[in-house]
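Good morning, everyone, and thank you for making time for this. Please have the sequence and the picture open while I talk, and stop me whenever a residue is hard to find.

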Amino acid sequence: MESVYDLCLLLEREAVSRTVQQGTDLTPAAPKRCADRAARSLAYRDFHRALYVGCDNPLLVSTLDALRDQTALISTAAWGRVPTWEREAGGTPPNPPGRPVRLRP
């Protein structure tokens, strides 16, 4: 699970950087309130795809799309156990109070 997220972070960072270099407008749409997990997952995926789709590298886009499919499954299952999406959408840290944040170097 962590390796999927790690790879997403590495590749998405590069893809978004390239998208910005292309001059693509990354002004995000207003966040949508979604009634169910499936709609939240799709909104999350659409938002992230909009950030990297303009990177001018079809292989990078398709790789990130495939990783997003995997993270969608992981997120949907996790949200069912620990619903953090409301805090995430509001900009607060996704981990519960009293639980330390793990930062990667």
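Let us begin with His48, which sits in helix α2 of what is, I should say at once, a predicted model. Is His48 buried or exposed? Its relative accessibility is 14%, and since buried means under 20%, His48 counts as buried. If we set aside the neighbours within four places in sequence, the residues in contact with His48 are Glu12 and Arg68.

Those two contacts give us a path to follow, and I will take Arg68 before Glu12. Arg68 belongs to helix α3, and with a relative accessible area of 5% this arginine is buried. Which residues does Arg68 touch, if we do not count those up to four places away in sequence? They are Cys8, Glu12, Tyr44, Arg45, His48 and Tyr52, so that His48 and Glu12, the names we have just met, both return in the list for Arg68.

Now to Glu12, which brings in the packing of two helices. On the α1 side, Glu12, Ala15, Val16 and Thr19 take part, and they meet His48, Leu51 and Tyr52 on the α2 side. Sorted by class, this contact of α1 with α2 holds 4 nonpolar, 2 polar and 1 charged residues. As for the geometry, the axes of α1 and α2 are 7 Å apart, and the two helices pack at an angle of about 55 degrees. That angle makes α1 oblique to α2.

With those helices placed, we can step back to the whole chain for a moment. How many helices and how many strands does the protein chain have? There are 4 helices and 0 strands, which, read along the sequence, gives the pattern α-α-α-α. Of the 105 residues in the chain, 26% are buried. The chain exposes about 7,400 Å², and carbon and sulfur atoms supply 59% of that area. If we take the contacts with a separation of 6 or more, 68% of them come from residues 24 or more positions apart.

Let us go back inside, to the largest nonpolar core, which has 10 residues in all: Val4, Cys8, Ala15, Tyr52, Cys55, Leu60, Val61, Leu64, Leu67 and Ile74. Helices α1 and α3, the latter running over residues 58-81, each supply at least two residues of this core. Which helix gives the most to this core? It is α3, with 5 residues.

Two members of the core deserve a slower look, and I will start with Leu67. Leu67 lies in helix α3 and is buried, with a relative accessible area of 7%. Not counting residues up to four places away in sequence, Leu67 touches Val4, Leu7, Cys8 and Leu11. For the last of these, the C-alpha atoms of Leu67 and Leu11 are separated by 9.8 Å, although the two residues are 56 residues apart along the chain. The second member is Val61, which is in contact with Arg49, Tyr52, Val53 and Cys55 once its neighbours within four places in sequence are left aside.

Finally, let us turn to the loops. Asp56 is found in the loop between α2 and α3, and with a relative accessible area of 63% it is exposed. What is the phi of Asp56 near? The phi is near 70 degrees, a positive value in a residue other than glycine. To see why I mention this, recall that most residues other than glycine have a negative phi.

Another loop joins α1, residues 2-21, to α2, residues 37-52, and Gly23 lies within it. Gly23 is exposed, because its relative accessibility is 61% and exposed means over 50%. The C-alpha atoms of Gly23 and Gly54 are separated by 8.9 Å, with their positions 31 residues apart along the chain. Gly54 can also be paired with Val20, a residue of helix α1, which at 49% relative accessibility counts as partly exposed. From C-alpha to C-alpha, Val20 and Gly54 are 8.1 Å apart in space, while in sequence they are 34 residues apart.

If you look at the picture once more after this talk, I would suggest going back to Arg68, buried in helix α3, and tracing its contacts with His48 and Glu12, which are among those I listed.

Key:
Residues numbered from 1 in each chain as written. Predicted model: local features only at pLDDT ≥ 70, side-chain atom pairs only at ≥ 80, totals over all residues. Heavy atoms only, no water. Buried < 20%, exposed > 50% of the residue type's maximum accessible area, 1.4 Å probe, protein only. Contact = heavy atoms within 4.5 Å. Areas by Shrake-Rupley, 256 points an atom, 1.4 Å probe, with all protein chains shown as cover. Axes fitted to C-alpha atoms, helices over the stretch in contact; angles between N-to-C directions. Parallel < 35°, antiparallel > 145°, perpendicular 65-115°, else oblique. Nonpolar A, V, L, I, M, F, W, Y, C, P; charged D, E, K, R; others polar. Core = buried A, V, L, I, M, F, W, Y, C linked by side-chain atoms within 4.5 Å.
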